[in-house]
Amino acid sequence: MFGQGGHAALALMSLLLLLWHDAAPIEVPQDPKILQDLKQPPTIVKQSVKDYIVDPRDNIIIECEAKGNPVPTFSWRRNGKFFNIGKDPRVTMRKRSGTLEIGFRSGGRPEDYEGEYQCFASNDFGVALSNKILLRVSKAPLWPKEVLEPVVVTEGSPLVLLCNPPPGLPPPFTFWMNSAMTPIPQDKRVSMGLNGDLYFSNVLAKDAHTDYSCNARFLFTHTIQQKNPFTLKVLTKEPYNDTSYNTTDPYGGRKVAESTPTFLSPPGTESSKMVLRDEQLLLECIAAGLPTPTIKWFKKGGDLPGRKVKFENYNKTLKIINVSEEDAGEYVCMANNHLGSIRHSIFVQVKAAPYWLDKPTNLVLAPDENGRLVCRANGNPKPNIQWLINGQPVDSAPPSLSRQVLGDTIIFRSVQMGSSAVYQCNASNEHGYLLANAFVSVLDMPPRMLGLKNQLIKVIENNRTFLDCPFFGSPLPELRWFKNGQGSGLDGGQYRVYINGTLEIKRARSEDEGTYTCVANSILGTAENQVLLEVKERTRIVRVPEHQSAIRGSTARFDCVVKSDPSLPITVAWTKDDKPLYLGWRLKKDEESLNIPNVNEGDEGTYTCTVKSEIDQDSASARLTVLDRPDPPMDLDLSDPAARSVRLTWIPGNDHRSPITQFLVQFEEDRWEPGRWQNLSTYPGDLNSVILQLAPYVNYQFRVIAINSVGQSQPSRPSPRYKTSGAAPDAIPRGLRGWGSKKDNMEITWEPLLDLERNGPNLHYNVFWRRKDLGHEWNNVTTMGSKHVVQNTETYVPYEIKIQARNEFGQGPESNVVTGYSGEDKPTDAPTDLRVSKVNSTKSNIHWKPVDLNSIQGEFKEYRLYYWREASLVPGLMVNKEKKTKGFYSTVAEPSGILSDLVPYSKYKMFMVVANNRFESPPSNTVEFTTKEGVPDAPRFFRINRRSFDTIHLEWDKPLEPNGILIGYQLKYQTVNGSRIGRLQLEQFLPNVTDFTLRLPDRSTRYKFHLSALTQVGAGEVYAEESPHFTNEAYIDQVDIATQGWFIGLMCAIALIILILLIVCFIKRSRGGKYPVRDKKDLPLDPVDQKDQDGSFDYHSDEDNKPLQGSQTSLDGNVKESDDSLVDYGEGGDGQFNEDGSFIGQYTVKKDKDETEGNESSEATSPVNAIYSLA
């Protein structure tokens, strides 16, 4: 107990503790180089559990592992005394470990080694302790021998069969079974309690058995111990009949006294329960009564903790997991049946073994630094805190000026080398204890760099960047960063330095590239490292793949266009549904896309394009949906039959991801067109049961086709046949009309009913007719055909007509009355006084006197004008005299019309007739007239040729239709250069001029030409052309040079010199040869020495029998002299100009057809080559 002064001192020390700030403890990095040289006290890393139960059949292993530098040594205490391992041959300790192994192969009892063990791990810097390990051997005792008397109970009474299992370690698991090893059925009435007893809320006659046996299973030994069975006898007032039992009346009609609920467990109205924090709380209420009571639970003053509560054993057990202090309180269970209810209160106390609030941790300090160890724990009751140093109470340790113990805290001031130790904190109360080791290590070490030297870091532009510089030293060094070895330390603004040495660049830019140096400095020395930073452009997908739907068999394409830093190599990979995509022979991948040809259902999925560089990546995904035609509908069924309808039902097939929009129902009938399927009706895609409207007297079968956006499915299997009964026709024959094929008859025709409109056999037609407006009786006839002819009629008189269909079942409806006419005859009168007025170049007004409509002898169709072009007024111009017609419908007294589309400057003739549907009247008078002069048509052709680099030659021909007397041509032209157009220039020519040569200001000038012909009326239709773009300028220049006089003279001089040299050589050879000319003058010359008629020699070889340029070969093989025309130089002839007007045939020798075909690529022969060929 503290006195008053002691309380004041403790309060003062607590205030000083709050005001005092110690140095942050040093965190030792887990770097192998550091740990290799770092001296540390021991630390326990593995140990056995506090309550350690072992199987007696196995060796005993008590674990204790520790680390430290130097490597710790181990010792043990048993029951608080030193355990001398060396003296017991059964006990061994593993190498470099404190783990004990106790073996019993050579004898001994495991029970002899039960007790409390504690491990000590020691080195030069301290001693660490394990928990106190309570070692116990598992036990599985037998049931005590006992004789159990039969249990006799009255039906409806409660009963408890006691189990009382033998006490085992750990406690056994109990359950009830019968002699057949079958579990005793448990329910709301019969159940086992937490103590293992079997409770009957009320006994039934059927419970009488001789083999109620309680069993105990021991976990460690895996054995089951069985208690002697109970025999239960049930006394009943009336005989029990097994067949009379049922769940609603378990007593089979026998009267059994009912009872109000009473508690079998726990007894009384109140009880208490203590449970430890974080353990499991089990509360039980088992009640007796008849009928079987129902159990309900609630908590006074609050609700049950819903997420932690579970009801078991038919609501008789309340289980709360992970109990906490707020779970304490009064819990009430209530048992009730229709006779009443009772309650039992259970007062729950929650205690707690010690648990950590602030567990002490290892403390590494530099010399002269301050620190503290804190050990805070809580529990119920509040635990006691005890400090130890190296396993000994701190009170009994030698005093130290640098250490002060203040309750749950130890304060260290200005620690020195050699004061390292392991401190233990023990927090305990009556429910348990906690033990924690925490060492205090005093360390001095000069600064060290732990990372890679001169590391190259590549980062992405505009990203937060961290440059690591791991370091260590004791005392903790001060770290500074420098860029490119210049300036002061980097910190603030764009930069931030963390306590672990990392430099943050908030947004990396290209100007941040360079060499960064980190320098760690302390009183013990300096260390530095460098990092080279490169800033790269971000890798990104600029055109991402897009979701798409593809029809089966088509091609799908996913784009993946990437932009990245040129200095970073990238890889593009595709995945499908997050799995690598195997391309195979079908799928094609290039740098920017993935192509999937001939897609099928297996191609459906999510495709992801991932592009990676060594420092970043980007990805984009899109889904491919494969659409296909739907599968055919299935299981067609007919129901609800009626005279003219039936219900058709089917099951739709798979729509293959494209919803079915329509169903098409088709039918086939076996009477009129067997085997031919016809469309009946379409229905929305969300229906699969429809009523079909049918025709009578048809034997149907149906099939269904599903339709989606891709197309139609295959037809379904046909339905069963369905036959409708016959009926009178419903339809009226269509197309009823009457007309005369001769002047004295009328043909009545109609369209026969369709097969499905017959409605029955033996179809006929009733045809009715009579003269219109005369009130005659109806004439009629019955026929099977589709036509009836009425003979001996007057010419073109009206008739009323109607028709009706009939079959064996009756007559159909009559049609509406239509008007028909008998036949027509030739009109008797012709139009008269045909004349023209207001004639211009292309049209004229016409007039005539009409005929009497009765003279037409038929339906008035039109006045028909026949006209033709008799001649052109242009001398020598041939015309087409084909007749043309134009109809005029007019019933006025003075009819007129306009005749258009006439050719100007022409002579026309015409006459007129009146026409009905079949005949024309005699012609009217013939009229002759001429059209006035007009503007001409466009010239027949207009060509632009280029004959040299500085001129353009234009050619054209006169119009096909001059439409008058030509007086000349008009040519308008202007320069064009892209969108810029020059000044318009005009040239006019006489009618006999059809060409024009234009000199170009420079060879690149282009023109647009507009040519039109002229008559006195004006300019006609324009023919527009643009001069082509001539690109072969170098070739034109070459032609020009080759035709220069100096060049031709030079070539001739060279040829002459070569010829003289050849003659001299030949004369010298003749003088010194074996065949003098005088001796051989009568012999024919061989091919080398042939003379021409003028006595000169012709030197040639067989290979050189080709005509020179400037001559051509005739059909008989003779060579003709050249007329030196431009044809041989490419103008005219066989396409000697390119499309752009450039020459293609300069100095080209014309060849025979066969020779040309045999050498399509022969080059043009120049004059020099021609001369060389003579040699």
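How many helices and strands are there in the protein? There are 6 helices and 88 strands, where helices (H or I, at least four residues) and strands (E, at least two) are DSSP runs numbered from the N terminus. The model is predicted, so local features need pLDDT of at least 70 and side-chain atom pairs count only at pLDDT 80 or more, while totals for chains, interfaces and linings use all residues. Residues are numbered from 1 along each chain as its sequence is written, and side-chain values use heavy atoms, with hydrogens and water left out.

**Exercise 1. Describe the burial, contacts and accessible surface of the protein as a whole.**

Step 1. Of the 1175 residues in the protein, 40% are buried; buried means under 20% relative accessible area, exposed over 50%, and partly exposed in between (1.4 Å probe, protein chains only).

Step 2. Among contacts (heavy atoms within 4.5 Å) with a separation of 6 or more, 64% join residues 24 or more positions apart.

Step 3. The exposed area of the protein is about 65600 Å², and carbon and sulfur atoms supply 50% of it. Accessible areas come from the Shrake-Rupley method with a 1.4 Å probe; for residues, only the protein chains shown count as cover.

**Exercise 2. Find the disulfides and characterise three of them.**

Step 1. A search of the whole structure gives 6 disulfides, a disulfide being a pair of cysteine sulfur atoms within 2.5 Å. With the bonded cysteines numbered in sequence order, the pairing reads 1-2, 3-4, 5-6, 7-8, 9-10, 11-12.

Step 2. One of the disulfides joins Cys285 and Cys333, with sulfur atoms 1.8 Å apart. The torsion about this S-S bond is about -65 degrees, so the disulfide of Cys285 and Cys333 is left-handed. It links distant parts of the chain, 48 residues apart: Cys285 lies in the loop between strand 22 (281-284) and strand 23 (286-290), and Cys333 in strand 27 (residues 329-337). Cys285 and Cys333 are both buried.

Step 3. In the disulfide of Cys375 and Cys425, the sulfur atoms are 1.6 Å apart. This link of Cys375 and Cys425 is left-handed, with -70 degrees about the S-S bond. Cys375 is in the loop between strand 30 (371-374) and strand 31 (376-380), whereas Cys425 is in strand 36 (residues 421-429), 50 residues apart. Cys375 counts as buried because its relative accessibility is 0%, and Cys425 is buried with a relative accessible area of 0%.

Step 4. Cys560 and Cys609 form a disulfide with sulfur atoms 1.9 Å apart. Cys560 lies in the loop between strand 49 (556-559) and strand 50 (561-563) and Cys609 in strand 55 (residues 605-612), so the pair ties together parts 49 residues apart in sequence. Both cysteines, Cys560 and Cys609, are buried.

**Exercise 3. Locate the largest nonpolar core and a nonpolar surface patch.**

Step 1. The largest nonpolar core has 34 residues, and Ile60, Ile62 and Trp76 have the most contacts inside it. A nonpolar core is a set of buried Ala, Val, Leu, Ile, Met, Phe, Trp, Tyr and Cys residues joined through side-chain atoms within 4.5 Å.

Step 2. Elements that give two or more residues to this core include strand 3 (60-62), strand 5 (73-78) and strand 9 (115-123).

Step 3. Not counting residues up to four places away in sequence, Ile62 touches residues including Tyr52, Trp76, Leu100, Tyr117 and Leu135.

Step 4. On the surface, Leu1056, Leu1059, Ile1060, Ile1063, Val1064 and Ile1067 form a nonpolar patch with about 490 Å² of accessible area together. Patches are made of residues with over 30% relative accessible area and no salt bridge (a side-chain nitrogen of Lys or Arg within 4 Å of a carboxyl oxygen of Asp or Glu); like charges are joined within 9 Å, and nonpolar side chains (Val, Leu, Ile, Met, Phe, Trp, Tyr) within 5 Å.

Step 5. Val1064 lies in helix 4 (residues 1045-1071) and is partly exposed, with a relative accessible area of 38%.
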